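Q: Please give me a close look at one part of this model, the part where its chains meet, and then place that part within the rest. I am new to this, so please explain each term when it comes up.

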Amino acid sequence: MTTEIKTVGVAGSGTMGAGIAIVAARAGFKTIVYDTRQEALERARAQTAGFFAKSVERKKLTPAQVEKIMGDLTGTTRISDMAGCDIVIEAVFENLKIKHDLLGELNQVCQQHTLFASNTSTLSITEIAAGSGRDERFVGMHFCLPAQLMKLVEMSPGIRTSDEAFQRAWDFCKALGQTPVRTRDNPGFILNYFLVPFNNDAIRLVEAGVAEPADIDRAIKAGLGYPLGPLELLDMVGLDTHLLVAEALYASTRDPRAACPPLVKRMIAAGRLGRKTGQGFFRYSGNAMFGG
Amino acid sequence: MAYTIIDTGGSRSFPAQHAFTKGAAGDGEVAVIIGSAVGAALATLTDREGKAAVLLELGTECLGAYTGESRGEEGSNVLGFARFGLGNGEPSNLIELVRQPRTSETALAAAKQIFEAAGLQTAVCGDFAGRIIDRLVRPYYNAALRRLDEVLASADDLDTTLKLGLGYPEGPIALLERTGLAHHYDVTQGLFEAYGDPAFTPARRARVAKQRQRKA
């Protein structure tokens, strides 16, 4: 698949941003990651280097290939460095104002042809696009966690997205080696519409004392053949992230199953956010990036 | 540990021979009662208290229906179990083991040991309708059927997205067609009656499948 896109910008160097940057750089694109926090960029780069080291160990990539990829992948705290990007994918907090503020700044910096994309999992593409200054060149590109391993991308046009812009983004997604699926601009699209309530129900089983987390996950994996149990997955996502996603989905749908169970807030208050803090529903000994 | 199987006929957990049924002995320390008439067999079981464990195969009912319940302190050497399966599909490798608040830990350990020795996996849960899996997946299946009616995406796109995005071996629509929408109706209707939660209300497509089954 061909694309005229050469340089990819990723705004946000959290779990999703770092994963998307790996996908773009690995596919041969010059990739610039923007974050206001230098320490976040450094942490993401260290995790990315660890991920590619495992790729070499597993003989998926050669050392020379990794050297080239890491050379094409840079980080910056200066938004002006995003000026040369042909597409910018934002992967910042699920908060409409934060996204509008960021996209407004990017709109001042980037060229006219530059596409904007959002990795939002719950907010409306049309609403995010409305604050971007370029809603005709704005698309939803929801990568799945962990982005560096999962092929699926849910792609959604907003109400004002042009067919031409959507096609350019679609072609770019294929050039990344990903599998795009077109969805409507509905809360949660397909995945989170089903996954967030499902995970909340699993948390409610723990809250209600129906079963221990390990038993719930074992049941789901052995009974249904799922690769991960819901609580293991929540630990990987991070309970703080899950809370934001669930609150955003609940605000859009008013579905009681989307409302985050109180246990999540108690665990966050106790610092049990999941893998990244070493303990969530389960205990962990490291914070290495998933896969390789 | 030796175990005896008392088969009352019509077991959903072991409809065919399995390493677990083949491994049974004539007079074991654990009594496993399977089939559709476990209550009557439990009532006539001799030396019930002397067993390391007595395991009752459950359908959708709670273990307390056989053992009784008292002040949240019920529990003995009697446990419930069910091998999970979806409708007309093959039973899975999972045994959901049902305990009560004061269930003997020794009995629980014995139950785990005999199932796991036969290559099955166990997950322990409290004595609640739907146990673990049905309680989690039935609202998801209902939501998928409703979203199909609302044309969020085609059946194939829904299934593809959930398979690729979450690594599920099968999408919900294909799975329900394979295992039986009418069976889904039966399970989720039972859970709706148990909990009164609208999430368990059978989706329209499941109701239609049940109507079709009744007319056949």
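A: The account below starts with the contact between the chains and then moves outwards to the parts around it.

The model is predicted, so local features are given only where pLDDT is at least 70 and side-chain atom pairs count only at pLDDT 80 or more, whereas totals for chains, interfaces and linings use all residues. Residues are numbered from 1 along each chain as its sequence is written, while chains are lettered from A, and ligands numbered from 1, in the order in which they are written.

The contact takes 34 residues from chain A and 34 residues from chain B, where two residues are in contact if their C-beta atoms, placed from the backbone, lie within 7 Å. On the side of chain A, the elements that each supply at least two residues are β7 (152–157), β8 (179–182), α7 (191–207) and α8 (213–224); helices (H or I, at least four residues) and strands (E, at least two) are DSSP runs, numbered from the N terminus. That side of chain A divides into 21 nonpolar, six polar and seven charged residues, with Ala, Val, Leu, Ile, Met, Phe, Trp, Tyr, Cys and Pro counted as nonpolar, Asp, Glu, Lys and Arg as charged, and the others, Gly among them, as polar.

One residue of chain B can be followed across this contact. Not counting residues up to four places away in sequence, Ile132(B) touches Leu205(A), Val210(A), Ala211(A), Asp215(A), Ile216(A) and Ala219(A) in chain A, and Glu96(B), Ala123(B) and Cys125(B) in chain B. Ile132(B) is also one of five residues, with Ile20(A), Ala169(A), Leu55(B) and Ala111(B), that touch the most other members of the largest nonpolar core, which has 148 residues. Such a core is a set of buried Ala, Val, Leu, Ile, Met, Phe, Trp, Tyr and Cys residues joined through C-beta atoms within 7 Å, and its largest share, nine residues, comes from α7(A).

Arg131(B) lies in the loop between β6 (121–125) and α5 (133–149) of chain B. Arg131(B) counts as buried because it has 28 C-beta neighbours inside 10 Å; a residue is buried if 20 or more other C-beta atoms lie within 10 Å of its own, exposed if 12 or fewer, and partly exposed in between, with C-beta atoms placed from the backbone. Although Arg131(B) is not a glycine, it has a positive phi of about 45 degrees. Most residues other than glycine have a negative phi, and most peptide bonds are trans. Arg71(B), in the loop between α3 (64–67) and β4 (78–83) of chain B, has a positive phi of about 55 degrees, but Arg71(B) is exposed, because 6 other C-beta atoms lie within 10 Å.

Returning to chain A, Gly225(A) lies in the loop between α8 and α9 (230–237), and is partly exposed because it has 13 C-beta neighbours inside 10 Å. The loop between β6 (138–143) and β7 of chain A holds Pro146(A), and the peptide bond from Leu145(A) to Pro146(A) is cis, with omega near -10 degrees.

Ile20(A), named above for the core, is one of the buried residues of α1(A), a helix of residues 15–26 in which 12 of 12 residues are buried.

Each chain is also divided into domains, whose bounds come from an automatic or database domain assignment. Chain A has domain 1 (7–182) and domain 2 (191–277), and nine residues of domain 1 are in contact with 10 residues of domain 2. In chain B, the assignment gives domain 1 (3–125) and domain 2 (133–215), and their contact takes six residues from domain 1 and eight residues from domain 2. The C-alpha centres of the two domains lie 26 Å apart in chain A and 28 Å apart in chain B.

For chain A as a whole, there are 11 helices and eight strands, and 52% of its 292 residues count as buried.
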